[in-house]
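Visitor: I have a sequence and a model on the screen, and I would like to understand the words people use for such things. Could you walk me through it?

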Amino acid sequence: MKEWWQQLNEREQILVAVMGSFIGVFLLYSFIWQPLNENLVKAEKKLVRQQALLSWVNENTARYQQLNKNGASKSKVSLSSTVNRTSRAHLITVTRMQPQGDDLQVWIDEVAFTSLLEWLEQLSLNEGLQVKGIDLSRGELSGVVKVRRLQLGKT
């Protein structure tokens, strides 16, 4: 390599040095500077999206908590009428209900487990009720349970 360099005249050496510098700068830009800059832009965009998501979650959390408080405190409908109305909507047959102080105990002979979960979810999310205790046993068919005792109360 040294011999090749020395064979070049002074003008060619300057040209090779300048060209080598340009290639070095090009490679530095292409393989280091540009990828770093693109990753920085991507990270800034991701940060903006994450901050927007965080503000949306904070707004909706506050709204959900407010609705939950308002729904629970404003609801003057009795537990038994709420349970009757929602159980009919989910095609669940309640065999017995018994008030227990501020709570309500419910018995159901047989119900599909998924239907029971959907009903309990609706009671929790839409009606402001919570499950305080539940006693289940396996039904005769697969996926069916017997509710020996379900204690519901207002949140």
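Guide: Gladly! Keep in mind that this is a predicted model. Let us start with aromatic rings: a search of the whole structure finds one aromatic pair.

Visitor: What makes the rings of tryptophan 4 and tryptophan 5 a tilted pair?

Guide: Their centres are 6.5 Å apart and their planes stand at 50 degrees. Stacked would need planes under 30 degrees apart and edge-to-face over 60, so an angle between those limits is called tilted.

Visitor: And how do you know whether tryptophan 4 is buried, exposed or partly exposed?

Guide: The relative accessibility of tryptophan 4 is 40%. Buried means under 20% and exposed over 50%, with partly exposed in between, so tryptophan 4 counts as partly exposed. Tryptophan 5, at 34%, also counts as partly exposed.

Visitor: Why is glutamate 127 called buried?

Guide: Its relative accessibility is 19%, and the limit is under 20%, so glutamate 127 counts as buried. This residue lies in the loop between helix 4 and strand 3. Leaving aside neighbours within four places in sequence, glutamate 127 is in contact with Thr82, Arg85, Thr86 and Gln122.

Visitor: Which residues of helix 3 are buried?

Guide: In helix 3, residues 79-89, the buried ones are Leu79, Thr82, Val83, Thr86 and Ser87.

Visitor: How do you know that these buried residues line one face of helix 3?

Guide: Look down the axis of helix 3: the buried residues fall within an arc of 120 degrees, so they line one face. An α-helix has 3.6 residues a turn, so residues three or four places apart point the same way. On the other side of helix 3, Arg88 and Ala89 are exposed.

Visitor: What do the buried residues of helix 3 pack against?

Guide: They pack against strand 1, strand 2, helix 4, strand 3 and strand 4. Helix 3 is followed by leucine 91, which has a positive phi near 55 degrees.

Visitor: Those strands bring us to the sheet. What makes strand 1 and strand 3 edge strands?

Guide: The open sheet has four strands in the order 1-2-4-3, paired antiparallel. Strand 1 (94-100) and strand 3 (129-138) each have a single partner strand, so one side of each is left without a neighbour in the sheet. From one strand to the next, the twist averages 20 degrees. Helix 4, residues 113-125, packs on the sheet and touches strand 2, strand 3 and strand 4.

Visitor: How do you know that strand 2 and strand 4 pair?

Guide: Pairing asks for at least two bridges, and six bridges join strand 2 to strand 4, so the two are paired. Alanine 112 stands opposite valine 144 in strand 4. Strand 3 and strand 4 also pair in the antiparallel sense, over nine bridges. Their hairpin has five residues between the strands, and there glycine 143 takes a positive phi near 85 degrees.

Visitor: Why is glutamine 105 called buried?

Guide: Its relative accessible area is 10%, under the 20% limit, so glutamine 105 is buried. Glutamine 105 is found in strand 2. Beyond neighbours within four places in sequence, its contacts include Arg96, Met97 and Arg149.

Visitor: One last thing: what makes arginine 96 sit over the ring of tryptophan 107?

Guide: The charged end of arginine 96 is 4.2 Å from the centre of that ring. The distance limit is 6 Å, and the charge must also be within 35 degrees of the ring normal. Arginine 96 is listed as sitting over the ring, so both conditions are met.

Terms used
Residues numbered from 1 in each chain as written. Predicted model: local features only at pLDDT ≥ 70, side-chain atom pairs only at ≥ 80, totals over all residues. Heavy atoms only, no water. Axes fitted to C-alpha atoms, helices over the stretch in contact; angles between N-to-C directions. Contact = heavy atoms within 4.5 Å. Phe/Tyr/Trp six-rings, centres within 6.5 Å; stacked < 30°, edge-to-face > 60°. Buried < 20%, exposed > 50% of the residue type's maximum accessible area, 1.4 Å probe, protein only. Arc of directions from axis to C-beta.
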